[in-house]
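Trainee: I would like to learn how to read charged pairs and strand pairing in a model. Where do we begin?

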Amino acid sequence: MPFVVTIYQREVDFYTHVAPSLELSAPINLPKTWLASQGVIVMDDLAAAGHTFGTPSVSWSVAAVLAGVEQLAALHAKTWGVTPEKYPWLRPADHYDQALLHLMQTYEQVVMSPDRPPNVPSYMKDQARVTAVLKKHYASRNPRFRCLLHGDAHVSNTYLEDKKPRFLDWQMVHIGSAFHDVAYFVGGALDVETRRANEMGILEHYLVTLGKFGGPVLEVGDQEVVTEYKKGLLAGIGPIMCPYEMQPREWVFPMAQRYAAALDDHKVLELVEELP
């Protein structure tokens, strides 16, 4: 499939064009890569080195999530304000958006099918409404927060080094709002009650770390920051509509339930619909 070839090549381009500069100048941990060419990457055997891999089957600790947002802050600070001209290989620029909107074509077919997560509110299963919200969200990203994103920063795309998460699977790397990565990671890593109790503190830690690593000085009291973070939770629509052919039921259930709760808590669909 051409789309699959494209995302494999994106990951190669990340390791070729971006990773070397990050390893030299930003406190972000990446696996040692020996070859990155023609859609193929050869890297160190992380399992043999004793590392474990992230899983949504159990909720994460707040400490692990804090360490994870530090990694994201390092990436974002290094690439803050980047434009598509900096990375011409990131074409088309709306690669991520189009991929999600393509999946939305079968949204109701998936979320209404038997044996789907039960805690997704009925209003969140409206294909036309969710599609319209996604389109408006993509068109209304705040340019204040533009940087290079991991793009698919959920817990299953991590490995753990001394219980601290490091990010793998850079196939969806793209330029967008920093809070896409932050909200996607936080919303899926923590169980619902732990997220509710710690979410704003974790966001504040991300902002402090972002400034420490050379990014802009932002505060959790900035309404544009909070709005963009809440909008970023729409990345969770992907797990909510993920078919079992792409991820097993054991992955979809906890992830869909956590993101659905976060989207409902923050009334994200209504928030986007009310934007000018």
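Mentor: Begin with the cut-off: a salt bridge is a side-chain nitrogen of Lys or Arg within 4 Å of a carboxyl oxygen of Asp or Glu. This is a predicted model, in which local features need pLDDT of at least 70, side-chain atom pairs count only at pLDDT 80 or more, and totals for chains, interfaces and linings use all residues. Residues are numbered from 1 along each chain as its sequence is written, and side-chain values use heavy atoms, with hydrogens and water left out.

Trainee: How many salt bridges does a search of the whole structure find?

Mentor: The general idea is that side chains of opposite charge can pair when their charged atoms come close. Here the search finds 12 salt bridges. Take E161 and R166: their side chains meet at 3.3 Å, N to O.

Trainee: Is R166 buried or exposed?

Mentor: Cut-offs again: buried means under 20% relative accessible area, exposed over 50%, and partly exposed in between (1.4 Å probe, protein chains only). R166 has 11%, so R166 is buried. E161, at 23%, is partly exposed.

Trainee: E161 has a bridge partner in β6 as well. Which residue is that?

Mentor: K164. Strands here are DSSP runs (E, at least two residues), helices are runs of H or I with at least four, and both are numbered from the N terminus. Two strands pair if DSSP finds at least two bridges between them. β5, residues 158-161, pairs with β6 in the antiparallel sense over four bridges.

Trainee: What is the strand order in the sheet?

Mentor: In general, strands of a sheet pair through backbone hydrogen bonds, either parallel or antiparallel. This open sheet has three strands in the order β3-β5-β6, with antiparallel pairing. β3 (52-53) and β6 (164-167) are the edges; each has a single partner strand, so one side of each lacks a neighbour in the sheet.

Trainee: Which residue does D222 meet in a salt bridge?

Mentor: R144, at 3.0 Å, N to O. D222 sits in the loop between α7 (192-212) and α8 (223-232), and R144 in the loop between α5 (127-139) and β4 (146-149), so the pair ties together parts 78 residues apart in sequence. D222 is partly exposed at 21%. R144 is partly exposed too, at 36%.

Trainee: And within a helix, how many residues apart are K231 and E228?

Mentor: Three, in α8, which means about one helical turn between them. Their side chains form a salt bridge at 3.7 Å, N to O. K231 is buried at 1%, and E228 is buried at 4%.
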